[in-house]
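Student: I would like to learn how to read a structure that I have never seen before. Could we go through it one feature at a time?

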Amino acid sequence: MDPASAAVLAAGTSVCGVSAIVATAPAVRARTTDVVFSIATILSFGVVSIFLFPVVGKLLNLSAHQFGVWSGTGILSSGQVLAVWSKL
């Protein structure tokens, strides 16, 4: 993986998802394919999280507050966090 691709993917997973990828891409001179791959990775993780997080939260017997903190920090897109909450 080249450094520009790694940088946009790292920004997306560590900061706030797609908006961080788009903001970081010009600074590291990422190619369009690097940006698209990183966005697809972040959104794919979110789709899996929509179905997986509620199941794991119930298995762990998390309170609503604990589940909110966990899902809010673990899922990278606020829309996907809202979708997870609608499944509870």
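Student: Which hand does the crossing of H4 and H5 have?

Tutor: The handedness of a crossing tells us which way one helix is turned against another, and in this predicted model the crossing of H4 and H5 is right-handed. The two helices pack at an angle of about 150 degrees, and their axes lie 10 Å apart.

Student: How do I read that angle, and are H4 and H5 roughly parallel or roughly antiparallel to each other?

Tutor: The general idea is that an angle over 145 degrees counts as roughly antiparallel. With an angle of about 150 degrees between them, H4 and H5 are therefore roughly antiparallel to each other.

Student: Which residues in H4 and H5 meet?

Tutor: From H4 come Ala64, Phe67, Gly68, Ser71 and Gly72, and they meet Val81, Val84 and Trp85 of H5. When the residues of this contact are sorted by character, 5 are nonpolar, 3 are polar and none is charged.

Student: At what angle do H2 and H3 pack?

Tutor: Helix H2, which covers residues 18–28, packs against helix H3, residues 32–59, at an angle of about 165 degrees, with the two axes 9 Å apart. By the reasoning used before, H2 and H3 are therefore roughly antiparallel to each other, and H2 passes H3 in a right-handed crossing. On the side of H2 the contact is made by Val18, Ile21, Val22 and Ala25, while H3 contributes Val35, Ser38, Ile39, Ile42 and Leu43. Of the residues in this contact, 8 are nonpolar and 1 is polar, and no charged residue takes part.

Student: How many helices and strands are there in the chain?

Tutor: To place a pair of helices in its setting, one counts the elements and reads their order, and here the chain has 5 helices and 0 strands, giving the pattern α-α-α-α-α along the sequence. The C-alpha trace spans about 45 × 20 × 20 Å along its principal axes. Another way to look at the fold is to ask how far apart in sequence the contacting residues are: among contacts between residues at least 6 apart in sequence, 51% join residues at least 24 apart.

Student: Which residues make up the largest nonpolar core?

Tutor: A core is read by following buried nonpolar side chains from one to the next. The largest one here has 8 residues, namely Ala4, Val8, Ile21, Ala25, Ala30, Val35, Ile42 and Leu76, and helix H1 (3–16), H2 and H3 each supply at least two residues of this core. There is also a second, separate core of 6 residues, which includes Ile50, Phe67, Ile75 and Val84. Across the chain as a whole, buried residues make up 33% of the 88 residues.

Student: What does Val8 touch, leaving aside residues up to four places away in sequence?

Tutor: With those sequence neighbours not counted, Val8 touches Ile21, Thr24, Ala25, Val28, Ala30, Asp34 and Ser38.

Student: Is Gln80 buried or exposed?

Tutor: A residue under 20% relative accessible area counts as buried, and Gln80, with a relative accessible area of 10%, is therefore buried. Gln80 sits in helix H5, residues 78–86, and, residues up to four places away in sequence not counted, it touches Leu43, Gly46, Val47, Ile50 and Ile75. One of these partners, Gly46, is 34 residues away from Gln80 along the chain, yet their C-alpha atoms are separated by 6.1 Å.

Student: Is Ala40 read in the same manner, and what is its relative accessible area?

Tutor: Ala40, found in helix H3, has a relative accessible area of 39% and is partly exposed. The C-alpha atoms of Ala40 and Val18 are separated by 9.1 Å, with their positions 22 residues apart along the chain.

Student: What is the phi of Arg29, and where is Arg29 placed?

Tutor: Phi is a backbone angle, and its sign is worth checking residue by residue; Arg29 has a positive phi of about 55 degrees although it is not a glycine. Arg29 lies in the loop between H2 and H3, where it is exposed with a relative accessible area of 73%. Asn61 can be read alongside, for its phi is near 60 degrees, a positive value in a residue other than glycine. Asn61 is placed in the loop between H3 and helix H4 (64–74), and it is exposed, with a relative accessible area of 68%.

Notes: Residues numbered from 1 in each chain as written. Predicted model: local features only at pLDDT ≥ 70, side-chain atom pairs only at ≥ 80, totals over all residues. Heavy atoms only, no water. Axes fitted to C-alpha atoms, helices over the stretch in contact; angles between N-to-C directions. Helix = DSSP H or I, 4+ residues; strand = E, 2+ residues; numbered from the N terminus. Parallel < 35°, antiparallel > 145°, perpendicular 65-115°, else oblique. Left-handed = near helix turned anticlockwise from the far one by under 90°. Contact = heavy atoms within 4.5 Å. Nonpolar A, V, L, I, M, F, W, Y, C, P; charged D, E, K, R; others polar. Core = buried A, V, L, I, M, F, W, Y, C linked by side-chain atoms within 4.5 Å. Buried < 20%, exposed > 50% of the residue type's maximum accessible area, 1.4 Å probe, protein only.
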